[in-house]
Amino acid sequence: MFSHALIWFLVYELSAFADDLVEMKIVDEPSSYGFNNNYQQWGGSLGGQNGGLKMRVMPANVSGPPHLARLSGRCFSKTIDNYKYDFCPFSNVTQHEQGYHWNPYKGVLGVWQEWEVENHTFVAMEMKEGDDCGSIHRSVKLVCGNTSEILSVSEPKTCHYLMMFSTPLVCHPHAMLVYPLLSPELRQRWDEIEGQKHRKELTDKGYRKRLQSILQDAGLRLTPAIRKQLSTEAVKADDDRRREVADALRGDFNSLAHCTQMYRRLQQEVEQLKAQLALYQG
């Protein structure tokens with residue numbers, strides 16, 4: 001992490017030739033982009049509003065009901081009981097403790113991975129691989145509402161967070177049905193196991209196993225291979241970020257693009273420091 005003095009020095013030095021660069025607009029962005037969606041921001045960390053938190057895995061692809069893709073690239077915040085929660089659908093959920101004491105908690109509750117499906121219906125977005133906390137399982141349930149917003153956050157048992165998120169996108173009676181989204185081949189496979197289950201030719205365990213396979217083939221649940229790849233991609237991105245920081249500390253600005261990238265990063269660091277200073281000054 002840069003020292004505060006070094007940040008201000010570099011921003012001052014870079015500002016000397018900033019007029020020669022293309023105009024940039026710093027905007028609030030989601031904490032990250034999905035796997036295979038050109039994730040480039042902060043090299044495996046959560047930039048922008050989430051303050052450089054590190055992710056253990058990359059977010060999975062956007063999947064599920066097509067109309068919910070409108071939520072991708074957006075973030076929603078709510079402060080509850082002295083904690084600020086940021087939910088970026090198809091990306092991650094973070095928690096920031098609000099207060100004036102030293103070293104308040106901030107962390108990643110979970111990263112978007114896959115859908116929870118019950119009774120042929122999408123019931124929750126599973127946000128997994130958050131910061132270490134026992135047996136981790138975090139879910140975001142989507143409920144009908146006039147506006148898209150976080151309603152509540154609860155912890156039914158230790159480390160098992162449940163967020164309720166309302167949105168008008170799920171209000172239609174069929175908005176969260178799984179079956180209509182499947183290909184004809186996958187529908188046929190599902191019809192077959194439903195028949196086998198009805199005729200008691202499949203145990204409940206066997207039924208769940210075959211349904212899991214169908215959902216994986218539909219891209220709604222992750223295979224072990226994809227889970228491993230998401231983890232590998234996060235490690236690589238973090239290594240790339242560390243190398244960039246090391247290059248910057250050595251003064252190794254070897255291209256205009258690299259200088260521009262580091263200038264943007266330093267600007268964001270400065271804004272975070274200003275926000276922290278304002279908080280402590282009241």
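**Entry 1: the loop at Asn-82**

I started with Asn-82, which sits in the loop between strand 3 (76-80) and strand 4 (83-88). The model is a predicted one. I looked up the backbone of Asn-82 and found phi near 70 degrees, a positive value in a residue other than glycine. I noted the sign because most residues other than glycine have a negative phi. Is Asn-82 buried, partly exposed or exposed? I read 41% relative accessibility for Asn-82 and put it down as partly exposed, since only values under 20% count as buried and values over 50% as exposed.

**Entry 2: Lys-200**

I then went to the loop between helix 2 and helix 3, where Lys-200 is found. Lys-200 is not a glycine, and its phi is positive, near 60 degrees. I checked the cover on Lys-200 too: its relative accessible area is 74%, so I recorded it as exposed.

**Entry 3: helix 3**

From Lys-200 I moved on to helix 3, which covers residues 204-217 and has 14 residues. I took its span from first C-alpha to last and got 20 Å, close to the 20 Å expected at 1.5 Å a residue.

Which residues of helix 3 are buried? I listed Gly-206, Tyr-207, Leu-211, Ile-214 and Leu-215. I next looked up what these buried residues pack against, and the partners are strand 6 (106-118) and helix 2 (184-198). After helix 3 comes Gly-219, and I noted its positive phi, near 80 degrees.

**Entry 4: disulfide Cys-75 to Cys-88**

I counted disulfides, taking cysteine sulfur atoms within 2.5 Å as a pair, and the count came to two. One of them joins Cys-75 to Cys-88, with 2.0 Å from S to S. I read 105 degrees about its S-S bond, and the link is right-handed. Why does this pair tie separate parts of the chain together? Cys-75 lies in the loop between strand 2 (53-54) and strand 3, while Cys-88 lies in strand 4, so the link ties parts that are 13 residues apart in sequence.

I checked accessibility at both ends. Cys-75 has 24% relative accessibility and counts as partly exposed. Cys-88 has 0% and counts as buried. Strand 4, which holds Cys-88, also borders the loop of Asn-82 from my opening entry.

**Entry 5: disulfide Cys-144 to Cys-171**

I looked up the link between Cys-144 and Cys-171, again with 2.0 Å from S to S. The angle about this S-S bond is 95 degrees, and I recorded the link as right-handed. Where do the two cysteines sit? Cys-144 is in strand 8 (residues 138-144), and Cys-171 is in the loop between strand 10 (160-167) and helix 2. I noted that the pair links distant parts of the chain, 27 residues apart. For Cys-171 I read 33% relative accessibility, which counts as partly exposed.

**Entry 6: the whole chain**

I ended with totals. How many helices and strands does the protein chain have? I found five helices and 10 strands. The chain has 282 residues, and buried residues make up 42% of them. I also looked at contacts between residues at least 6 apart in sequence, and 53% of these join residues at least 24 apart. For the surface I noted that the chain exposes about 15800 Å², of which carbon and sulfur atoms supply 51%.

Notes:
Residues are numbered from 1 along each chain as its sequence is written. This is a predicted model: local features need pLDDT of at least 70, side-chain atom pairs count only at pLDDT 80 or more; totals for chains, interfaces and linings use all residues. Side-chain values use heavy atoms; hydrogens and water are left out. Helices (H or I, at least four residues) and strands (E, at least two) are DSSP runs, numbered from the N terminus. The expected span of a helix is 1.5 Å times one less than its number of residues. Buried means under 20% relative accessible area, exposed over 50%, partly exposed in between (1.4 Å probe, protein chains only). Contact means heavy atoms within 4.5 Å. Accessible areas come from the Shrake-Rupley method with a 1.4 Å probe; for residues, only the protein chains shown count as cover.
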